[in-house]
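Subject: Structure handover

Hi,

Here is the structure I promised to pass on. My notes follow below it.

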Amino acid sequence: MQCPKCHAAMHTYNRNGVQIEQCSGCRGIFLDYGELESLTRLESQWTQAPPPPSAPQAYPSAPAPAWGAPQHHGGHHGGHHRQKSFGRMLFSS
Amino acid sequence: MTASVVRALADAARDAAHLPGPRAACRACGRDEAVLADRADGAVVRHGEAVAKAHAPGTDPNGHRARIAVAAHPRLAGILLPPLPLRVRDVCGRPVTAWPYGVPVDAADPDAAPWEDAAVLLARLHRVEPAALPGPIPPMRGPAKAARALARMRAAAADHPAAATVERAWERLPAWARDEAESPRRSALCHGDLHLGQLVRHPAPAGPWLLIDVDDLGLGDPAWDLARPAAWYAAGLLPPEIWQRFLGAYSAADGPAVRAGADPWPQLDVPARALTVQTAALALAKSAAEHRDPDDVEQAVIDACARIACLPPELEFEPPS
């Protein structure tokens with residue numbers, strides 16, 4: 001598919017299950033019928049997500065990037081050596 | 001650090017400590033100077049109430065002057081530790097500055113670290129209007145530090161099997177995050193190198209927390225200042241509750257790097273990936289220099305690079321240059 005604006009090739013990407021075409025030239029984005037509504041729906045689901053419970057002990061799972069560690073072990077676990085090593089990392093450039 | 005630099009810094013620190021004028025006898029006089037830091041990029045010697053710092057050789061003098069002027073500006077009071085007046089300007093060709101002594105975060109007790117204070121200080125720093133400050137303010141040096149970490153890895157550990165993984169994660173970053181193009185976002189005053197060693201209580205021992213070290217300060221994307229804790233969290237090293245406390249305090253203080261109440265990762269993703277790569281590159285350089293394998297914590301950051309390296313292609317948010 002060619003970009004209607006600059007005629008460069010369009011590449012398909014998947015964002016949250018929605019197929020999106022992006023122009024390799026001008027970076028313009030083409031949405032198929034219904035895709036904008038799908039994105040809007042996803043966005044409203046995000047903003048309507050219930051607020052985190054106020055109880056301090058219940059931390060909701062924080063959003064993390066796609067490349068985040070599968071499980072959070074935390075710096076507290078894994079023994080003295082791990083804590084010491086992470087402690088050094090916390091204080092260095 | 002050579003003995004002559006130590007001696008010159010000790011003299012500078014003593015001058016700065018004594019400048020306030022005649023007072024009760026200085027308790028630091030007659031004792032050995034206390035070397036607080038001794039690295040190629042910054043040496044710090046304390047004398048009583050003052051410390052003197054020799055900045056990195058090759059420091060850009062104009063950028064350095066502008067950064068010190070920002071730290072001294074009244075608009076930064078309560079955010080950045082202000083410098084002390086000093087007669088000496090350089091030691092062995094390195095710029096020298098003097099600062100009040102402040103109490104650092106206890107490295108032996110990172111659980112007690114002032115995460116919320118750090119977040120609020122960053123939010124306040126990022127909200128300072130750069131136009132109100134003496135300038136021209138140079139760019140924030142975060143991407144330059146990341147690029148320098150990669151250079152260190154290439155020099156010290158190019159043959160390590162994990163170096164290729166770190167390189168692949170690095171290649172996926174946009175050019176600005178690799179210090180190869182101007183940052184698309186240069187609106188905010190940023191610290192540029194936030195970690196727990198960049199906070200002190202002043203006046204010692206119980207004054208409020210302040211940010212120190214303006215060597216990397218400048219205009220840039222404020223998300224960079226959140227990116228090191230974000231990278232630690234994403235690598236599974238920083239417990240989620242600490243990350244939430246830090247980010248929550250930043251948002252509550254109207255920090256402009258992320259949108260309050262929304263997913264912060266669209267803004268954090270690129271800087272956090274850059275800090276992950278930077279940390280992994282330095283870990284490989286250090287472990288190679290010490291003739292050992294990366295430890296568990298260093299490996300966790302290298303593993304994060306491996307996950308970054310195999311991400312599917314994503315939308316590009318920057319127009320091609």
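Start with one residue pair: B:Leu199 stands opposite B:Leu211, which belongs to strand S9(B). Strands here are DSSP runs of E with at least two residues, helices are runs of H or I with at least four, and both are numbered from the N terminus.

Before the rest, the ground rules. This is a predicted model, where local features need pLDDT of at least 70 and side-chain atom pairs count only at pLDDT 80 or more, while totals for chains, interfaces and linings use all residues. Residues are numbered from 1 along each chain as its sequence is written, and chains are lettered from A and ligands numbered from 1 in the order in which they are written.

**The sheet in chain B**

The leucine pair sits in an open sheet of three strands, ordered S6-S8-S9 (chain B), with antiparallel pairing. Two strands pair if DSSP finds at least two bridges between them. Strand S6 (103-104) and strand S9 (209-211) of chain B are at the edges; each has a single partner strand, so one side of each lacks a neighbour in the sheet. Strand S8 (residues 199-201) of chain B pairs with S9(B) over three bridges, in the antiparallel sense. The loop between S8 and S9 of chain B holds B:Pro205. A cis peptide bond links B:Ala204 to B:Pro205, with omega about 0°.

**The sheet in chain A**

Chain A also has an open sheet of three strands, in the order S1-S2-S3, with antiparallel pairing. Its edge strands are S1 (10-15) and S3 (29-30) of chain A, each paired on one side only. Strand S2 (residues 18-23) of chain A joins S3(A) through two bridges, in the antiparallel sense. A:Gln22 has A:Ile29 in S3(A) as its bridge partner.

**Chain B overall**

Chain B contains nine helices and 10 strands. Its radius of gyration (over C-alpha atoms) is 20 Å, which agrees with the value near 20 Å for a compact globule of 321 residues; the globule rule is 2.2 Å times the number of residues to the power 0.38. The C-alpha atoms fill a box of roughly 65 × 45 × 40 Å along the principal axes.

Of the 321 residues of chain B, 46% count as buried. Buried means 20 or more other C-beta atoms within 10 Å of a residue's own, exposed means 12 or fewer, and partly exposed is in between, with C-beta atoms placed from the backbone. Contacts need C-beta atoms, placed from the backbone, within 7 Å. Among chain B contacts with a separation of 6 or more, 76% join residues 24 or more positions apart.

**Two domains, one core**

Chain B divides into domain 1 (3-100) and domain 2 (110-309); the bounds come from an automatic or database domain assignment. Their centres, taken over C-alpha atoms, are 25 Å apart. In chain B, 17 residues of domain 1 contact 20 residues of domain 2. Helix H2 (residues 61-72) of chain B gives the largest share of the domain 1 side, seven residues.

The largest nonpolar core has 107 residues, and B:Val166 and B:Leu284 touch the most other members. Such a core is a set of buried Ala, Val, Leu, Ile, Met, Phe, Trp, Tyr and Cys residues joined through C-beta atoms within 7 Å. Helix H8 (residues 265-289) of chain B supplies the largest share of this core, 13 residues. Each of the two domains of chain B contributes at least three residues to the core. Beyond four places in sequence, B:Leu284 touches seven residues' worth of surroundings, including B:Met153, B:Ala157, B:Val166 and B:Pro294.**Helix H5**

The buried residues of helix H5 (residues 161-171) of chain B include B:Ala162, B:Val166 and B:Trp170. The buried residues cover an arc of only 160° around the axis, so they lie on the same side of H5(B); the arc is that of the directions from the helix axis to the C-beta atoms. B:Pro161, B:Ala164 and B:Glu171 are exposed on the other side of H5(B). The buried residues of H5(B) pack against helix H4 (142-157), H8 and helix H9 (296-309) of chain B.

**Backbone points to check**

- The peptide bond from B:Gly135 to B:Pro136 is cis, with omega near 0°. B:Pro136 lies in the loop between helix H3 (115-127) and H4 of chain B.
- B:Cys92 is not glycine, yet its phi is positive, near 50°. B:Cys92 counts as partly exposed, with 13 C-beta neighbours inside 10 Å.
- B:Asp254 also has a positive phi, near 60°. B:Asp254 lies in the loop between helix H7 (240-252) and H8 of chain B.

Best wishes

Key. Two residues are in contact if their C-beta atoms, placed from the backbone, lie within 7 Å.
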